[in-house]
Amino acid sequence: MGFAKDILCIGAGYVGGPTMAMIAARCPHYKVTVVDINHARIAAWQSDQLPIYEPGLDEVVRQARGRNLFFSTQVEQGIRDADIIFVSVNTPTKTFGQGAGRAADLQYWEKTARQILEHADRNKIVVEKSTLPVRTAEAMERILNANTKNIRFEVLSNPEFLAEGSAITDLEAPDRVLIGSKETPEGITARRAIVDIYANWVPRENIIESNVWSSELSKLAANAFLAQRISSINAISALCEKTEADVDEVAYAIGKDSRIGPKFLKASVGFGGSCFKKDILNLVYICHSYGLGEVAAYWESVVKINEWQESRFVRTILESMFNTVAGKRIALLGFAFKANTGDTRESPAIYIARGLAEERAEVVVTDPQALANARDDLTDMGDRVHFESDPYTAAEGAHALAILTEWDVYRQLDYARIFASMEQPAFLFDGRNILDHQRLFELGFNVFPIGKAALKHF
Ligand SMILES: NC(=O)c1ccc[n+]([C@@H]2O[C@H](COP(=O)([O-])OP(=O)(O)OC[C@H]3O[C@@H](n4cnc5c(N)ncnc54)[C@H](O)[C@@H]3O)[C@@H](O)[C@H]2O)c1
C-alpha cells in the first residue's frame, strides 16, 4: 500500500518516540519512521521493553508499529525517503566555550542539518521539534539552502509541549499545537502540510499558526513561566515555615483567583527534568546577548530559587537530625524528577542524594521506575549510596525517610510497619507534601513537610 506522506523523525528520545507513535496511530495513511544513532535505543523501541516509561505508550506503539510506524538506525535512507523531517535530537546546555552553562549546545542539531543536506535529493520540509534558541530555524535554513543541488528546504518550528508522565494524554488532546513558519508563500504552504498532519485528530482551533520566531520563543517562554510558578510557591514555602502559615492553604487560596488558577502551585523540593533549567538558562543567555541584563536576571532568579530550595531541603534534614547524619541510614523514596516517569535528568534527588552522602549519611535510593537511571546518575558515589527496589526494605533500619517523588505508591505504604522497622527517633521529610502528616505524627514520626510547621515529639 502506498502512503500519502513519508514522515521521518530524527531522534528517538522522550519526545521523538511518543510524538511519532501518536502521529502514526492517528494517521494510518502516513508512513512514520523514527531514526536514531543510538542502536540500543532503537532496538528497545522495536522490542516489548520500550526505552522509556510513559503510561499508555506501549499501547499506542503496539497499535502502529510494523503497520505505518518504524524504528530504524538507517538515518541516511530515512532522509532520502522523507517528505517531512522532524528533528527531535537533544539540545542540552553547552558545557564548554562561549555561553558554557547557559547557551544551548546546538552541535547535535547542526550535525543533523548537515546530514540532511548531504543525503537529501529533493525538496524537504524540516521541522524543529527540539527546543531551540529563537532564530535557530533561520540559521538552519541558511545552512541547508546554501546547497548546490538545487534543493529547497523550508525550516519550520513545531515545539513540543508534552509533559513527561502524561505524554500520551498530552499528545492525544493537546492544549495547543504551535506551528511557526516564514510568512512567504513557500513557508505558508509548508506550514499547511504540518497543520494537515495534526488536524487528523487535533481540533483546528487548537492548532496555532505563527511566525517562526514567535513559535521558537513561545516554547522557551512557556517553560520559563511554568518553572516560575514553582519557584514562586517554593519561595513562599520558605516563608510559611518561618511564620506557621501553611503553603497548601496559601496555594489553594491564591489558586482560586481565576486570574492565577490552581495549577503548578504545589510546593516541593524543587523542579527537575531535562527542560526547565536548560530552557531558562538558554533564555537568559539570549537576553544577555541582546543586552537585556535586567530581563536575564529576572529569569535567572527562577533557577536560583530552585537550587536554593534543594539545598534548603538538605539543610533541614541535617539541622533537624541534630546537625549530623554521619553514619545514619536515610531512605530516599523516589528518584525520578516527577511521578509516572523513569526520567531522572536534573532530578532534585540527585542533588539531595549527593548532599547527604557528602555528610556521610548512608543513602538508600528506591523508586518504582527510575532505579536504573539513578544508578547511572550516582555511579561515582561507590558504596556511599545503595539501591533497593522495595521501599519497605529501603526503610528498614533507617533513621529517616525523605519523599522525593510524588509516586502514588508512597501514599499507600503501611507507615506503621515502616515506623516499627526504623531506628528511633524516626524522621520523615515529605519533599512533596503528599502524606497525611498528622497521622504520621500520631504513629510516632517526627514529620517535616515543605512550607508547614514541623510536627515533632521533642
Ligand atoms: N523531554 C521532554 O519532556 C521534552 C518536552 C518538550 C521538548 N523537549 C525537547 O525535545 C528535544 C529532545 O528531547 P528528548 O528528551 O527527547 O531528548 P533525548 O536525549 O531523550 O533524545 C534525543 C535523541 O536524539 C538522538 N540523536 C542525537 N543526535 C542524533 C543524530 N545526529 N542522528 C540521529 N539521532 C540523534 C540521541 O541519540 C537521542 O536518542 C530537546 O530539544 C528537548 O528540549 C523535551
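**Exercise 1. In S11, which residue is the bridge partner of Val364?** Then describe the surroundings of strand S10 (residues 362–366).

Solution. The model is predicted: local features need pLDDT of at least 70, side-chain atom pairs count only at pLDDT 80 or more, and totals for chains, interfaces and linings use all residues. Residue numbers start from 1 along each chain as its sequence is written.

Step 1. The bridge partner of Val364 in S11 is His386. Strands are DSSP runs of E with at least two residues, helices are runs of H or I with at least four, and both are numbered from the N terminus.

Step 2. S10 and strand S11 (residues 385–387) are parallel and share 3 bridges. Two strands count as paired if DSSP finds at least two bridges between them.

Step 3. Strand S9 (residues 329–333) also runs parallel to S10, joined by 5 bridges. Here Leu332 stands opposite Val365 of S10. From S9 the chain crosses through helix H13 (residues 348–358) to S10 in a right-handed β-α-β crossover. Right-handed means that, with the strands pointing away from the viewer, the path from the first strand over the helix to the second runs clockwise.

Step 4. A right-handed β-α-β unit is also formed by S10, helix H14 (residues 371–377) and S11.

Step 5. In S10, 5 of the 5 residues are buried. A residue is buried if 20 or more other C-beta atoms lie within 10 Å of its own, exposed if 12 or fewer, and partly exposed in between, with C-beta atoms placed from the backbone. Glu362, Val364 and Thr366 point one way, Val363 and Val365 the other way, and all are buried.

**Exercise 2. How many residues of strand S2 (residues 30–35) are buried?** Identify its partner strands as well.

Solution.

Step 1. The count is 6 of the 6 residues, so S2 is largely enclosed by the rest of the structure.

Step 2. Tyr30, Val32 and Val34 point one way from S2, while Lys31, Thr33 and Val35 point the other way, and all are buried.

Step 3. Strand S1 (residues 5–10) pairs with S2 in the parallel sense over 6 bridges. Opposite Thr33 of S2 stands Leu8. S1 and S2, together with helix H1 (residues 16–26), make a right-handed β-α-β unit.

Step 4. Strand S3 (residues 69–72) is paired with S2 in the parallel sense through 4 bridges. In S3, Ser72 is the bridge partner of Val35.

**Exercise 3. Which residues come nearest to the ligand?** Give the make-up of the shell.

Solution.

Step 1. Of the 27 residues around the ligand, the nearest are Gly11, Gly13, Tyr14, Val15 and Ser130. A residue is near a molecule or strand if its C-beta atom, placed from the backbone, lies within 6 Å of it.

Step 2. Helix H5 (residues 107–119) gives the most to this shell, with 3 residues.

Step 3. The shell holds 11 nonpolar, 11 polar and 5 charged residues. Ala, Val, Leu, Ile, Met, Phe, Trp, Tyr, Cys and Pro count as nonpolar, Asp, Glu, Lys and Arg as charged, and the others, Gly among them, as polar.

**Exercise 4. Which element gives the most to the side of domain 1 that touches domain 2?** Set out the contact and then the element.

Solution.

Step 1. The domain assignment gives domain 1 (5–202) and domain 2 (213–458); such bounds come from an automatic or database assignment. The domain centres, taken over C-alpha atoms, are separated by 32 Å.

Step 2. Domain 1 brings 27 residues to the contact and domain 2 brings 25 residues. Two residues are in contact if their C-beta atoms, placed from the backbone, lie within 7 Å.

Step 3. On the domain 1 side, helix H6 (136–145) and strand S7 (177–181) each supply at least two residues. S7 gives the most, with 3 residues. By class, this side has 15 nonpolar, 8 polar and 4 charged residues.

Step 4. In S7, 5 of the 5 residues are buried. S7 pairs in the parallel sense with strand S8 (residues 207–211) over 5 bridges, and Ser181 stands opposite Asn211 in S8. The chain goes from S7 through H8 to S8 in a right-handed β-α-β crossover.

**Exercise 5. Is Ala193 buried or partly exposed?** Locate this residue and list its contacts.

Solution.

Step 1. Ala193 lies in helix H8 (residues 185–198).

Step 2. Ala193 has 17 other C-beta atoms within 10 Å, so this residue is partly exposed.

Step 3. Leaving aside neighbours within four places in sequence, Ala193 is in contact with Ile84 and Ile125.

Step 4. Between Ala193 and Glu396 there are 58 Å in space, C-alpha to C-alpha, and the two are 203 residues apart in sequence.
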